[in-house]
Amino acid sequence: MAKADGMFLFIGTYADEAAARDDYAIVKDLHAEDVVGTYDAAVITKDASGKVHVNKDEMATRHGGWGGAAAGAVIGILFPPAIIGSAVVGGAIGGIGGHLWRGLSRSDVKELGELIDSGEAALMVIGASTLEAALDKAKLKAEKHVAKQPGVSTHDVDAAVQEETSEIS
């Protein structure tokens, strides 16, 4: 059972970007219905040359203070900058990335990074542990998926965002 204030990470793969976006819409609906709390998400595609492209739908009010930083931190861990074909996201990636990096084993990082093949799309969702049960019930249509509990507290992520934000101001 996940810790009440723990983080949950889901990455599912899809044959194309449209299918990933369909499941992303389900996640947004779950949030609108107050089924899930704070979360961040991105649709990721990998083109034929192996370049990773990140499509974010950042809405700081929906994500609380995270503002896209949690997904950006995970993407930064999983995909070396050399294979990312577009700017990822700004925000508190440094502090959050450090927490998440310590919470994931090297084998977790390898498994997650190799999940998406060239020509495929993926949906990545990270948020409070309440996401896990909600996504299970929603029966997302990912062809394959990996779910992890990085062993990171949502309070740690919130604190990292606050620290980074105050340094920028």
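Let's start with a term you will need throughout: a residue is buried if its relative accessible area is under 20%, exposed if over 50%, and partly exposed in between (1.4 Å probe, protein chains only). Helices (H or I, at least four residues) and strands (E, at least two) are DSSP runs, numbered from the N terminus.

This is a predicted model, in which local features need pLDDT of at least 70 and side-chain atom pairs count only at pLDDT 80 or more, while totals for chains, interfaces and linings use all residues. Residues are numbered from 1 along each chain as its sequence is written, and side-chain values use heavy atoms, with hydrogens and water left out.

**Exercise 1. Find the buried face of helix α5 (residues 130-138).**

Step 1. Pick out the buried residues of α5: L131, A134 and L135.

Step 2. Look down the axis of α5, where the buried residues fall within an arc of 95 degrees, so they line one face of the helix. The arc is that of the directions from the helix axis to the C-beta atoms.

Step 3. Turn to the other side of α5, where D136 and K137 are exposed.

Step 4. See what the buried residues pack against: β1, α1, β2 (39-46) and β4. Contact here means heavy atoms within 4.5 Å.

**Exercise 2. Follow L30 to its partners across the chain.**

Step 1. Locate L30 in helix α1.

Step 2. Check its cover: L30 has a relative accessible area of 12%, so this residue counts as buried.

Step 3. List its contacts, leaving out residues up to four places away in sequence: L30 touches V35, V36, A134, L135 and A138. Two of these names, A134 and L135, appeared among the buried residues of α5.

Step 4. Compare sequence with space: L30 and L131 are 101 residues apart along the chain, and 9.2 Å separates their C-alpha atoms.

**Exercise 3. Describe the surroundings of strand β1 (residues 7-14).**

Step 1. Count the cover: eight of the eight residues of β1 are buried.

Step 2. Sort the residues by side. M7, L9, I11 and T13 are on one side, F8, F10, G12 and Y14 on the other, and both faces are covered.

Step 3. Find the neighbours in the sheet. β1 runs antiparallel to strand β4 (residues 121-128), with eight bridges between them, and antiparallel to strand β5 (residues 144-148), with five bridges. For two strands to pair, DSSP must find at least two bridges between them.

Step 4. Try two bridge partners yourself: G12 with L123 in β4, and L9 with K148 in β5.

**Exercise 4. Which residues touch the most other members of the largest nonpolar core?**

Step 1. Fix the term: a nonpolar core is a set of buried Ala, Val, Leu, Ile, Met, Phe, Trp, Tyr and Cys residues joined through side-chain atoms within 4.5 Å. In soluble globular proteins, nonpolar side chains tend to be buried together.

Step 2. Name the residues: of 23 members, L9, I11, I44, I75, L78, F79 and M124 touch the most others.

Step 3. Trace the suppliers. β1, β2, β3 (52-56), α2 (69-78), α4 (106-113) and β4 each give at least two residues to this core, and α2 gives the most, with six.

Step 4. Zoom in on L78: beyond its neighbours within four places in sequence, L78 is in contact with I11, V109, L112 and G113.

Step 5. Note a second, separate core of 19 residues, including F8, Y24, V27 and A121.

**Exercise 5. Find two residues with positive phi.**

Step 1. Go to the loop between α1 and β2, where D34 lies. Phi of D34 is near 60 degrees, a positive value in a residue other than glycine.

Step 2. Move to the loop between α5 and β5, the place of K139. K139 is also not glycine, and its phi is near 50 degrees.

Step 3. Check accessibility: D34 is exposed at 69%, and K139 is exposed at 61%.

**Exercise 6. Where in the chain is confidence lowest, and where is it highest?**

Step 1. Recall that pLDDT is the predictor's confidence in each residue, from 0 to 100.

Step 2. Take the whole chain: the mean pLDDT is 74, and 67% of residues reach 70 or more.

Step 3. Compare the elements. Confidence is lowest in helix α3 (residues 93-103), with a mean of 56, and highest in helix α1 (residues 17-32), with 93.

Step 4. Mark residues 87-92 too, where pLDDT stays under 50.
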